[in-house]
Amino acid sequence: MEQRVCINFCVKNGIKCSKTLEMLTVAYGESTLSKKNVYKWYKLFQESREHVNDEPCSGRPSTSKTDENVQEVKEIVLKNRRITIREIADDLNISFGSCQSILTDVLGMTRVSAKFVPKLLNFDQKQRRMNIAQDMLNDVNDDPDLLKRVITGDETWKI
């Protein structure tokens with residue numbers, strides 16, 4: 001977006017496209033638009049285009065990622081965490097890709113050890129982990145040799 005504004009600026013100031021590409025490369029380095037895109041946008045701005053945003057895409061709206069399907073996928077996964085994406089897709093009569101997208105993008109789940117689990121912990125899970133970690137730290141503080149015994153696995157080891 002920012003680079004398109006720069007290209008528009010260069011067009012309005014009569015700077016050649018090759019010089020515009022050179023200036024963008026100096027300013028943006030490896031993240032510069034490709035030569036093809038710079039020339040494309042340069043031409044569009046020469047033809048009196050003013051806005052730098054992309055045109056809205058045409059295409060049909062998704063019919064699989066409805067709130068109903070999202071809720072059903074969530075319920076199915078919570079009932080059986082070992083279910084496959086293909087089985088969910090077949091049960092709901094939606095495509096594999098839509099089902100996968102619902103699981104990963106909408107519900108924020110990923111497959112771990114053949115189970116679907118949330119990518120992020122909820123507050124209760126975070127709190128439980130914090131409490132366990134704090135208990136372990138307290139145990140180590142109460143008995144400094146505990147950590148050495150746990151690391152080595154030797155209950156008889158003493159300093």
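In this predicted model, Phe 45 has a relative accessibility of 5% and therefore counts as buried, since the term applies to values under 20%. Trp 41 is likewise classed as buried, because its relative accessibility is 3%.

These two residues also belong together in another respect. The structure holds one aromatic pair. Its partners are Trp 41 and Phe 45, whose ring centres lie 5.6 Å from each other. The planes of the two rings stand 35° apart, and the pair is described as tilted; that class applies because the angle is neither under 30 degrees, as for stacked rings, nor over 60, as for edge-to-face rings. Both residues are part of helix H3, where they are four residues apart and therefore separated by about one helical turn.

Helix H3 comprises residues 35-46, and it packs with helix H1, which comprises residues 2-12. The axes of the two helices are 9 Å apart and form an angle of about 50°. H1 is therefore oblique to H3. The crossing in which H1 passes H3 is right-handed.

Where the helices meet, H1 contributes Arg 4, Ile 7, Asn 8 and Val 11. From H3 come Val 38, Trp 41, Tyr 42, Phe 45 and Gln 46. The two members of the aromatic pair, Trp 41 and Phe 45, are thus found among the residues of H3 that make this contact. Sorted by class, the contact of H1 with H3 consists of six nonpolar residues, two polar residues and one charged residue.

Technical notes:
Residues are numbered from 1 along each chain as its sequence is written. This is a predicted model: local features need pLDDT of at least 70, side-chain atom pairs count only at pLDDT 80 or more; totals for chains, interfaces and linings use all residues. Side-chain values use heavy atoms; hydrogens and water are left out. Axes are lines fitted to C-alpha atoms, for helices over the stretch in contact, and angles run from 0 to 180 degrees between N-to-C directions. Angles under 35 degrees count as roughly parallel, over 145 as roughly antiparallel, 65 to 115 as roughly perpendicular and the rest as oblique. A crossing is left-handed if the near helix is turned anticlockwise from the far one by less than a right angle, and right-handed if clockwise. Contact means heavy atoms within 4.5 Å. Ala, Val, Leu, Ile, Met, Phe, Trp, Tyr, Cys and Pro count as nonpolar, Asp, Glu, Lys and Arg as charged, and the others, Gly among them, as polar. Rings of Phe, Tyr and Trp (its six-membered ring) pair if their centres lie within 6.5 Å; planes under 30 degrees apart count as stacked, over 60 as edge-to-face and the rest as tilted. Buried means under 20% relative accessible area, exposed over 50%, partly exposed in between (1.4 Å probe, protein chains only).
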